Amino acid sequence: MAKLPKPQELMQTIDFRPPKTDWRNLKVELREGMYCHPAKKKDLEAVDYPYIREWSPKDEDWKLPADWKEQVLEAIRERLIRFRSFHVFMDICVRCGACADKCHFFLGSGDPNNMPVLRAELMRSIYRRYFTPSGKILGSIAGARELTPEIIKEWWYYFYQCTECRRCSLYCPYGIDTAEVTIIAREILNLLGLQLGWIAGPVANCYWKGNHLGLEPHTIKSNIEFMLDDIENITGIRIEPSFNRKGAEILFITPSGDLFGVPGVYTCMGYLMLFHEIGLDYTWSTYASEGGNFGFFTSMEMAKRLTYKIYSEAKRLGVKWILGGECGHMWRIWNQYLPTFWEPPDNLQVPVSPITGTRFEHARYSKLVHVVEFTADLIKHGKLNLDTSRTDHLVVTWHDSCNTSRGMGIFEEPRFVIKNVVKNFYEMPDNTIRERTFCCGSGSGLNASENMELRMRGGFPRAMAVKHVNEKYGVNVLANMCAIDRAALQPLMDYWVPGVTVMGVHELVGNALVMKGEKERTLDMRGEPLPGKEAKEE
Amino acid sequence: MPSIEFQGKQIEVDEDGYLVNLNDWSKELAEYMAGKDGITLTDAHWEIINFLRDYYQKYQIAPMIKILVKEVGKVMGPDKGNTKYLYQLFPDGPAKQACRYAGLPKPTGCV
């Protein structure tokens, strides 16, 4: 595995001076640490992906299918017809450069191909050559390039250096969404069998076992039991949630990272405690056990395939609506695509909070509510007893996840919840939050370990904003509501801003939540002594 | 696909050195893999490797680190039930390194 340079060394390599040669003459150099391993054959076979073979990015010959060129051009042609937006994005860029310095990967690398304008140009130049009269006739004068195997390598390298965060599109005067170009480029690469291991593994697991991690039903139950032991140790209360229970009012689905990894499990403990405290009539499912959707990072069809179990499980169990855990891309898919992928079953109703009576009108069609919206509503109605003296030692800032903020506009709810469960809250600078938020650098299936340098570069702007509030206000907690963030931001903090801990919203809620009949808390959600509330010596 | 040569046989591993076929595993192979990293496996290491293998049999996945820590605390005493102790044994991280010696697939992170 490539060795990760030290932060200082890495920073010195960021060079914003333009290269001496024309970008079209730059030969792409695939550098270790900047890309992920290719997919394993067994994972591709599990979901019938095309052109399954052994190949390595380091090989000169990537063993492309014999008719690869026709396939790529046909795939572009199909998508130009199918997605009007894609066609428009191919035509309208005036290369004004407003997007150039808005991309976290460009800011963390200085690589010109990471300027969104140029990333899209990798595709546009091919579009011009084969789909526009000027490009066909004038060639390179019209900004056109021949499609060669080198171009495929370049696409693979750079379209997997984009996290589809859409920050560039916010600044584009034409509203060009480079993420859509990336999504389409990745679909085409997938058609050529050039999938990533870190994406294909979760997709295969999700298809066959129900979730990205491949947790079997008894493993899910056992992991949750383990969390319940911890909760009992902390609060003295034994919680007994239900699994696959027909007739429950609400089906709860969260990204499987919350059931397995640190710090996701602390967030999960927060859900368990909250739902117990308010007496929510809900059930977990060991079948629809994944909120996230790595299929979305391969093709729209695979995203659709992997979401089928959500509504079908809601139907089987006869629930009234679906509550979803803290996740980013999961919400982009649930909010923007799921109800158009599949018809919500008849038994689902417009979500109404059984505790406050609030009708979640915005979810009247999808029947899906985000848990942070749900909890904000509980607090707004004064339904929770919260003790912020337990979180007094935490100085918190908020990372807006790209998908929930820029993609969906959930800005206020998490801030409202956090300000009610902690006393010390400070925002990062304005141009790094809300719709202008910076990506964690590891989204869209890039949170592997072999590409750690890429992740540390991509997360550089976010980390610098945290560093700013860390130095100015003593911020020591970076809160978020996304499973990829929870997994990705901790290594990012350890690398750039040591001493900052990453927490989900409901970990903070769990710390502050006063539960009926609980013992005096001496431990936080992680089982660490609570400052000022340590157990007294006998 | 990369491989390691052991006892005159080519054993398939992935890019990060994890066994492709669980059945290729043997105690000797684990010792050989550790040896290449300059580690001699002691009883303390084996306690963890054996636990990982047992757990994998039951659950088809490596345990979450919290479960591993708790189990070590139970078996080896509470002073050892912490991640620091595990890192002393497996400097590259208990999840990654210990799983590799135990012949388990590379643990998926949190996705």
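This report describes the chains, domains, helix packings and chain contact of a two-chain predicted model.

Residues are numbered from 1 along each chain as its sequence is written, and chains are lettered from A and ligands numbered from 1 in the order in which they are written. Because the model is predicted, local features need pLDDT of at least 70 and side-chain atom pairs count only at pLDDT 80 or more, while totals for chains, interfaces and linings use all residues.

## Chain A

Chain A contains 23 helices and 8 strands; helices (H or I, at least four residues) and strands (E, at least two) are DSSP runs, numbered from the N terminus. Its C-alpha trace spans about 80 × 55 × 40 Å along the principal axes. The radius of gyration of chain A is 24 Å, which agrees with the value near 24 Å for a compact globule with 538 residues. Here the radius of gyration is taken over C-alpha atoms, and the globule rule is 2.2 Å times the number of residues to the power 0.38.

The domain assignment divides chain A into domain 1 (7-30 + 50-194), domain 2 (201-380) and domain 3 (388-512). Such bounds come from an automatic or database domain assignment. The centres of domain 1 and domain 3 of chain A, taken over C-alpha atoms, are separated by 29 Å. Between these two domains, 15 residues of domain 1 are in contact with 20 residues of domain 3; two residues are in contact if their C-beta atoms, placed from the backbone, lie within 7 Å.

On the side of domain 1 of chain A that touches domain 3 of chain A, helix H1 (7-12), helix H5 (104-109) and helix H9 (167-171) of chain A each supply at least two residues. H5(A) gives the most to that side, with 5 residues. By class, the side of domain 1 of chain A that touches domain 3 of chain A has 7 nonpolar, 5 polar and 3 charged residues. In this scheme Ala, Val, Leu, Ile, Met, Phe, Trp, Tyr, Cys and Pro count as nonpolar, Asp, Glu, Lys and Arg as charged, and the others, Gly among them, as polar.

## Helix packing in chain A

The table lists three helix pairs of chain A. Axes are lines fitted to C-alpha atoms, for helices over the stretch in contact, and angles run from 0 to 180 degrees between N-to-C directions.

| Helix 1 | Helix 2 | Axis distance | Angle |
|---|---|---|---|
| H4(A), residues 84-92 | H10(A), residues 178-191 | within 10 Å | roughly 110° |
| H17(A), residues 371-380 | H19(A), residues 412-421 | 9 Å | about 50° |
| H12(A), residues 217-235 | H13(A), residues 264-277 | 10 Å | about 70° |

Angles under 35 degrees count as roughly parallel, over 145 as roughly antiparallel, 65 to 115 as roughly perpendicular and the rest as oblique.

H4(A) and H10(A) cross at roughly 110°, which means that H4(A) is roughly perpendicular to H10(A). Their crossing is left-handed; a crossing has this hand if the near helix is turned anticlockwise from the far one by less than a right angle, and is right-handed if clockwise. H4(A) contributes A:Ser85, A:Phe86 and A:Phe89 to the contact, and H10(A) contributes A:Glu180, A:Val181 and A:Ile184. The contact of H4(A) with H10(A) comprises 4 nonpolar, 1 polar and 1 charged residues.

H17(A) and H19(A) pack at about 50°, so H17(A) is oblique to H19(A). The crossing of H17(A) and H19(A) is also left-handed. From H17(A) the contact takes A:Val372, A:Glu373, A:Thr375, A:Ala376 and A:Ile379, and from H19(A) it takes A:Glu413, A:Pro414, A:Phe416, A:Val417 and A:Asn420. The residues of this contact divide into 6 nonpolar, 2 polar and 2 charged.

For H12(A) and H13(A) the packing angle is about 70°, and the two helices are therefore roughly perpendicular to each other. A:Met227, A:Leu228, A:Asp230 and A:Ile231 of H12(A) meet A:Val265, A:Cys268, A:Met269, A:Leu272 and A:Met273 of H13(A). The contact of H12(A) with H13(A) has 8 nonpolar, no polar and 1 charged residues.

## Chain B and its contact with chain A

Chain B has 5 helices and 2 strands, in the order β-β-α-α-α-α-α along the sequence. The radius of gyration of chain B is 14 Å, close to the 13 Å that the globule rule gives for 111 residues, so chain B is as compact as a globular protein of that length. Its C-alpha atoms fill a box of roughly 40 × 30 × 20 Å along the principal axes. The domain assignment gives domain 1 (3-36) and domain 2 (43-101) of chain B, with 20 Å between their centres, taken over C-alpha atoms.

In the contact of the two chains, 14 residues of chain B touch 29 residues of chain A. Helix H3 (residues 65-76) of chain B provides the largest share of the side of chain B that touches chain A, 3 residues. That side of chain B consists of 8 nonpolar, 3 polar and 3 charged residues.
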